[in-house]
Amino acid sequence: MEKEACIIAKRLWSLLLFCMLTLQITAQQTGTITGVITDASGEPVIGASVLVNGTSNGSISDLNGAFTLTHVPNNGTITVSYIGYISQAISVNGKKSFAIKLIEDSKALDEVVVVGYGVQRKSDLTGSVASVKATEALKATPSGNVSDALQGRLAGVSIISSGDPTKDASIRVRGVNSVSGDSGPLVVIDGFIGGSLQSLNPGDVQSIEVLKDASATAVYGSRGANGVILVTTKSPLKDKLAISFNGFVNMKSRIALPDRISPTEYAELANAYGKEFNESDGNKPAKVYFTPDQIAAFGRGENTFDYADAIFNSPAVSQNYELSISGGGEKTNYLTSVRYVRDNGIIKESVSDRFNWRLKVDSKIKKWLTIGVNFWGDYQSTSGPRIAEYEGILTQAINFPSVILPTDENGNYNNFTPMTGSQMYNPMGYINEIDGQNQSVTNRMQGYVDFNILSGLTFRSQLGVTFSNSLNTNSNNAKSYTAFKNKNVPSASANSKWAFGWLNTNTFNYTKEFNKNHRINATAVFEQSYNNDYILKGDANNLNFEQLGSDALAWAEKLSTSSERTITTLLSGLFRVNYVLMNKYAITASIRADGSSRLADKWNYFPSAAVAWSVSEEAFMKDIDIISQFKLRAGYGSVGNQAVEAYRIYSKMSATNINNASVYNVDRPASPYLKWERNDQINIGLDMGFFNNRLTASVDWYNKKSKDILLEVEQPIHTGWSSLLKNAGEIENKGFEITLGADPVTTKDWSWHTDVTLSHNKGIYTKIPNKNKQQNQAGAYANQIFKMVEGEKLSSFWGNYYAGVWKTDEVDQKTTITKADGTEVTDTYRAIYKVKPGEAKYVDVNNDGVYDDKDKGIIGNGQPTFNWGWNNTVRYKDFDLALFIIGVHGFDIYNVNRFTSIDLVPNKVFIRNRWTKDNEDTDIPGFVKAGNTSVSGYSSRNVEKGDFVKIKNITLGYNLPNSTCKKLSLNNFRIYGSVQNPFQITQYSGLDPEVALGSPLTSGADWESYPNGRSYIIGLNLSF
């Protein structure tokens, strides 16, 4: 019995040992799996979660939708999930590779977005990030420039488009942060820092995110002070060959012309001037400028010319063509694209030609190793007439009297005014004598290697190299504007720039979803960059053969050359961690260190932290069915700005040639004390969704303080310098942003999606380090209108207060003034101010009887109070209609040319209502000889309200039904028509109130800036 029991026990132990060994062997049968996750249209799903059931082993898909997961049991099950899609449980069954297609969930809450150096679920975001699906935006607003399609779609992001084809749009994120530094946001394209939206092929763009608050931008440290725009280009599709084409023709025309008087009326007013002005100047005899026969000829259209009309194209025709090919196999995928766009501006001879090219290849060499290259570049050639604040083509053409023909009988330009005979360049010369071209070619080569070290731990090393060359040439013949300003001496110039730079980014990323309650995303970055620019300039005067121009600079009487080289470097380190607890609570913290060669104190550190609470995930919210999302966010962060001129910490010498000898002098003193500009920002946000997110809302409030702003601080005369560059000023930007989205209609045949964005920002100078707390704004000619005043808003206009016109019965009235020494004087206005009836009247602010700088003040402000955008997309079966409207409110425009004239009589209709003895009830000065000439410069007379509402775009498209496309072997076929800028509501008298906002530091000044035109577009989009 005992023997049998022993035998049974041995057998049981043997069976138990066999089972344990079997389990161990089975457990050891694990491996590494890879896969690609796409949506229904084949686009990669970024940031999808892949989790081995029953374990904490998980991963997240990358920018290409790919994932790698190690230690996966051969008989295990993985769950693939992504907010916005239905989760899928997939049995492994020994497979090593998976192609997973996720289906959209109609109850979708969220999506992922690209953030600095990685991606995150939108539900995990703690900072303020605005996101746009580029494909939808460009479909609704056909454009050859990506920035045009983004206008008004991103709360807190101001995009001002320009009609000039040679210029990019002006972009600002949450106001202006610096006076001397660059105010534009940083553009990051596929992780490559630097570039412009204008250089991109719109068809290549997949998504665009804008990092707005410092908790989000701090990961870019000194580069992110003005916001960050992240552009992700399209990736190749696996096992799928796709060819797509998009092309359109754009016909543009001017929207309006300023009101001008006729040639006959001009001649009659000229004679009236000769009579009225001489009467006011001691009753001198009247002067006749035009005879009755000349006036009659003008009435018949003889010897007249409409310059304002002649400089515009009618219409300007532009073309845009894009072609892309993508495909690949199991291991390697590729995408290549080319684009050509010719953009003719509404002003004659303004044109831009651009070519874009791109090649993107991704290859999975091993399960743990992926490599890729991204090569893209562009070539641009631009030319155009003189668009400038001083004697630009628009100013001259609008003001030039129509009673002067462009040329005389010998073909020479009539460069004079009709009444005084003063020398003034004829506007048609700007068009006819253009002989200049700006050319640039830029190539960017980017390569990366991506190592999957452990489950959830990856290392990516990326190297990007930029080669850029530009050549700007100008040939100024004897009839050109340049020669006219230089005693008719022909000249030429050529400027060449060679630029080389590289950026190396090394990133460790650890992403782990331990279970449904814990999720972490940690990133460590080491980054280094190098830039080397060389500029060579050549100028030639008094050309021996002017027809050769810039092609033979040496053949001139006088030749000068100059060159300069600039080398800058930046070294950076970053650590960031994002932790999510129970899908309710999220925290993100980061620290970045930057070392810049531009500053003596090279290193600075930029921390940030943000938290978020998804209140809607709490148990007490679960029964509130109408609320789909309720999330609170708060963050704080610091960023810097090292956009100071290279070598500015050193003194600068300049050389002058005198009698064939070089003489050197100090051009500027050293500034070794310069340090980083720094922006500290607080952001509080709220994200809400209702009715299964058919109604969404996002609200952000922020307070951004910019410290140690670089200013050219005015210096006492005894220092020998008019100003010195110092870290001296402070700026504060406060504001709020609201984004609303709704899907009011969603049926089988009908859908309507609408978005509204509203933004308010107020930027003020909180510190101006002068005794009187104010300073002139240094810079270009346009800056003369502005003054920086402590406690006042940026873009404040400074000048005299206009009070109308002195009336006949007013100048002889008694008044009492107090002189600077305290003496009171009582006398008539005529006696004290030396004024006459009919001349301009200004306010004597301090009542001292003298018009001087003490009587000047803030006369307006060019900073908008708020702006908004309203985007609508309506679909009915195979038709789609897009309507987009923007509005900008609460700002002034200084219309520089509103009352200007290049001769004694303005060429504008306002002069009809001038002061005369029979027309005293007016604010337009008359033809009188002024008694007081002490008031000069800018005044409130030229200030207008700039508020406007524009319908920016109406697009109607037709999509060929899927069944028909399949028969024709097409993926899609769409034709569309669009009209842009069809309507505008404004009280502004100038050509276009929008373009007055184009320059961040001189916002609101309109020197007859290049206006936007009205566009009519016809296009075709197809793929197969």
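1. In which strand does K366 lie? In this predicted model, the residue belongs to strand β20, which covers residues 351–366. K366 is one of the members of a surface patch of positive charge, where it gathers with K96, K331 and K367. The relative accessibility of K366 is 44%, so this lysine is classed as partly exposed, given that the partly exposed class lies between the buried limit of 20% and the exposed limit of 50%.

2. Strand β20 also holds K360, whose side chain meets that of D190 in a salt bridge with an N to O distance of 3.8 Å. D190 is placed in the loop between β13 (186–189) and β14 (192–193), so the pair ties together parts of the chain that are 170 residues apart in sequence. Both partners of this bridge, D190 and K360, are buried. The two residues also belong to a network of salt bridges that links them with D204 and R358. Across the whole structure, the search finds 41 salt bridges.

3. A second salt bridge to note joins K584 and E618, with the closest N and O atoms 3.5 Å apart. The pair links distant parts of the chain, with the two positions 34 residues apart: K584 sits in the loop between β26 (556–581) and β27 (585–596), and E618 in the loop between β28 (603–614) and β29 (627–641). K584 and E618 are both buried.

4. The bridge between E279 and K275 lies within a single helix. Both residues are part of helix α5 (residues 263–280), separated by 4 residues, or about one turn of the helix. Their closest N and O atoms are 3.0 Å apart. E279 has a relative accessible area of 31% and is therefore partly exposed; K275, at 43%, is partly exposed as well.

5. What is the nearest side chain of opposite charge to R941, and how far away is it? It is D923, at 6.5 Å, and R941 has no salt bridge although it is buried. R941 is located in the loop between β46 (892–895) and β47 (943–945). Apart from neighbours within four places in sequence, the residues in contact with R941 are Y802, R898, F899, F910, I924 and P925. A reader examining the model may wish to view R941 together with these contacts.

6. On the surface, V249, M251, V317, Y321, Y1016 and I1018 make a nonpolar patch of about 490 Å². Three strands, β17 (242–253), β18 (316–328) and β51 (1014–1023), each supply at least two residues of the patch. I1018 is found in β51. Its relative accessibility is 58%, and I1018 therefore counts as exposed, the threshold for that class being over 50%.

7. Is I33 buried or exposed? Its relative accessibility is 1%, so I33 counts as buried. The residue is placed in strand β1 (residues 30–38). When neighbours within four places in sequence are left aside, I33 is in contact with F67, T68, L69, V72, I78, V92, K95, K96 and F98. One of these contacts, K96, is also a member of the positive surface patch described in the opening point.

8. Two C-alpha separations place I33 relative to other parts of the chain. I33 and Y647 are 614 residues apart along the chain, and their C-alpha atoms are separated by 53 Å. For I33 and L686, the separation is 653 residues in sequence and 39 Å in space, C-alpha to C-alpha.

9. L686 itself lies in strand β32 (residues 677–690). With neighbours within four places in sequence left aside, L686 is in contact with F630, K631, L632, R633, A697, S698 and V699.

10. Finally, K512 is found in strand β24 (residues 491–515). This lysine has a relative accessible area of 9% and is therefore buried. K512 and L457 are 55 residues apart in sequence, and their C-alpha atoms are 8.3 Å apart in space.

Conventions. Residues numbered from 1 in each chain as written. Predicted model: local features only at pLDDT ≥ 70, side-chain atom pairs only at ≥ 80, totals over all residues. Heavy atoms only, no water. Patch = residues over 30% accessible without salt bridge, like charges linked within 9 Å, V, L, I, M, F, W, Y side chains within 5 Å. Areas by Shrake-Rupley, 256 points an atom, 1.4 Å probe, with all protein chains shown as cover. Salt bridge = Lys/Arg side-chain N within 4 Å of Asp/Glu carboxyl O. Lys, Arg positive; Asp, Glu negative; His and termini not counted. Charge placed at Lys NZ, Arg CZ, Asp CG, Glu CD. Buried < 20%, exposed > 50% of the residue type's maximum accessible area, 1.4 Å probe, protein only. Contact = heavy atoms within 4.5 Å.
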